[in-house]
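Reader: I have a model open and some labels I do not understand. Can we go through them one by one?

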Amino acid sequence: MGQIQITLPDGSQRAYEAGVTSLEVAQSISEGLMRNVLAAKVDGEIWDATRPLKADCQLQLLTWNDANGQMAFWHSSAHLMAEAIEALYPGAKFAIGPPIENGFYYDIDFGDRSFSSDDLPKIEKKMKELAKQKNAYERIEMPKSEAVAYFEEKGDPYKLELLEDLADGSITFYKQGAFTDLCRGPHIPHTGFIKSVKLLNVAGAYWRGDENRQQLTRIYGITFPKEKELKEYLERLEEAKKRDHRKIGKEMELFTFSEKVGKGLPLWLPKGAVLRERLTEFMRKAQVRANYEPVVSPHIGGKELYVTSGHYAKYGEDSFQPINTPEEGEEFLLKPMNCPHHCEMYKAKPHSYKELPIRFAEFGTVYRYEQSGELHGLTRVRGFTQDDAHIFCRPDQVKEEFIAVIDLVMYVFETLGFHDYTAQISLRDPKKPEKYIGTDENWERAEAAIQEASAEKGLKTVVEYGEAAFYGPKLDFMVRDAIGRKWQLGTIQVDYSLPERFELEYVGSDNQKHRPVMIHRAPFGSLERFIAILIENTAGKFPLWLAPEQFAILPISDKYNDYAKEILSELKVEDIRGYLDDRSEKIGKKIRDAEIALVPYMLIIGEKEAEAGTISIRKKGEGDLGTKTVEEFIAFFKAIVKEELGTQKV
RNA sequence: GCCGAUGUAGCUCAGGGGUAGAGCGCUUCCUUGGUAAGGAAGAGGUCGUGGGUUCAAUUCCCAUCGUUGGCUCCA
């Protein structure tokens, strides 16, 4: 064997015997490094650190600090869990077990045995036991026939099905201890790296994501190289749960649900209604500046409206059932979208090209029969209000309009402190054309328009195929909630289809009839989901302009209640929201309660203030700010709100 | 819709085959206190709902509804 040249990330080159492993290279640098190497990046490919290097290459050693190192670690952990499960539940059949963003899972067929979260601790225990054995993850290349024979013998239909899609010559197995699995790898050197294990939950999952196929038991887990890291991770999870909008919404009395009203139908309590009103007002003003015109449409529409729009054919059966009139035999549907109504408004009169774009905006409440298992707090409901608008424009205006909408969405996100979002361009799934309505040509034009506009605004985007709406491609602004789930908030969608279906027209400069293009857009998406995410982002500590209770007046004793009432009415006249705490409690107690209720300003009133005609200001979380007159406080307060809302230019 | 979990006072939760408990909140009384919990007394629950087993069910079993972790879906 000859010498090979290995180039490290810092550019330095070292010579080794051909066949050296990455682990040995690490060892030659330092023992400590070797103990931390989980995998290696060899000429851009992720390899096992124990795999021999046979030719000159670029080598990067991957540790826990590298995302690819973590992936190998969790992937190996999934195999370790499978080994433990095979030992404890002989005959269990294994489907797939990949690493995920936080940890890993394995989908398992336990046959007739029922499996619950009570079974997890003993699997964890077994995993730790097996980890201590420091069994090496051994890579085995195998011809397809042999691989098929192995799983036929073992009786695992899932692995056999996976093998069908793999080409002979590319098949590898990994073996650690008593467990052997079909796997592309890479894996960590041995199980001893896995020091702490937590199996998080059990869930059902369909084989290959197909609800018509076998349902498997999915076990989620996470592992770390140090016990301390697991502890910190679990603490972070606990912290995140405290921000959950369902918990805060209940505590702050923002919204509630009622079985009698129906699941997925939120009831906005007074304090939550304030939030909605403030946000609605904020958006209304922004839209006035952006030349939108408010319109209003009813909550139901005739069946024909949705037959025309295509919604009926696509979703009629899954929707809330139609409302019928017994005398006339008419049929109405709860509106699942506002666009058909807006199309009819466009058609109320003929339009000249000079009028376009026309922008109809409506806070429209829509109803969609979401699957019961999918309902979730305010983020997934069956009745919700969109900050919807439809822009009817000429084809040559699409890009310009699209850019203006991106500006609006970014202004809204900026003002509300949403910095952590992903802009996702959702395009057609080229393999399933039957899922979509509209011509290929229109789809291609719309997809190009979105990509060009996003590029011009310098948005960092990710492209997802198959995520488009059935009527057109879209640009979605995605954010994460407290427990890490991704939700769509703002959305901008180009639609060449509805104008066609509703036969929308305008008269061009050539005096001929032309078809306008529609852009659907909703910067919040829905008020419900937006508020849910806002609650989680702020943990209930809303900016002053949004806080349901902006101040609490706290008299030192009952003697000052009358003076407190005067202050209260002076502030209410100024449209400042708050309440008077006139309980016979000590000031410490009143302050504590107001702090817990997340009231931004506490106005403390005692003998000194009553005599001087002032109020003492305390800011939540910060403490005493000194005394001011009511007039001074009002000016101070309004200056803060103005600052928060910014210059309001769009 | 599917798999798993769960449902006890307004809230957070404990309990468990012999018809229920804590803390907070609430009510009343005492206290009138200067920047994160003053004291005492009291009210409040057919233990989600419907069946079944049992002498006896809130507790065990079944069904159903809600909530919930995932999966599928998502105009």
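Author: Yes. The model is predicted. Start with the RNA: among the atoms of RNA strand B within 4 Å of the protein, 51% belong to sugar or phosphate, and the rest belong to bases.

Reader: What makes the pair between tyrosine 220 and RNA strand B a polar contact?

Author: Set the distance against the cut-off. A polar contact needs N or O atoms within 3.5 Å. An N or O atom in the side chain of tyrosine 220 is 3.1 Å from a sugar or linking oxygen of RNA strand B. That pair therefore counts.

Reader: Which part of RNA strand B does glutamine 371 meet, and which part does arginine 368 meet?

Author: For glutamine 371, a side-chain N or O atom is 3.1 Å from a base oxygen of the strand. For arginine 368, the partner is a sugar or linking oxygen, at 3.4 Å.

Reader: How is the surface near RNA strand B divided by class?

Author: It has 22 charged, 18 nonpolar and 16 polar residues.

Reader: Now the helices. Why is α3 called roughly perpendicular to α4?

Author: Helix α3 (residues 67-88) and helix α4 (residues 120-132) pack at an angle of about 110 degrees. Angles of 65 to 115 degrees count as roughly perpendicular, so α3 is roughly perpendicular to α4. Their axes are 9 Å apart, and the crossing is right-handed.

Reader: Which residues meet there?

Author: Leu80, Met81 and Ile85 are among those in α3, and Ile123, Met127 and Leu130 are among those in α4. The residues of this contact divide into ten nonpolar, three charged and one polar.

Note on methods: Residues numbered from 1 in each chain as written. Chains lettered and ligands numbered in written order. Predicted model: local features only at pLDDT ≥ 70, side-chain atom pairs only at ≥ 80, totals over all residues. Heavy atoms only, no water. Near = heavy atom within 4 Å. Polar contact = N/O pair within 3.5 Å; in protein donor to acceptor, adjacent residues only side chain to side chain. Nonpolar A, V, L, I, M, F, W, Y, C, P; charged D, E, K, R; others polar. Axes fitted to C-alpha atoms, helices over the stretch in contact; angles between N-to-C directions. Helix = DSSP H or I, 4+ residues; strand = E, 2+ residues; numbered from the N terminus. Parallel < 35°, antiparallel > 145°, perpendicular 65-115°, else oblique. Left-handed = near helix turned anticlockwise from the far one by under 90°. Contact = heavy atoms within 4.5 Å.
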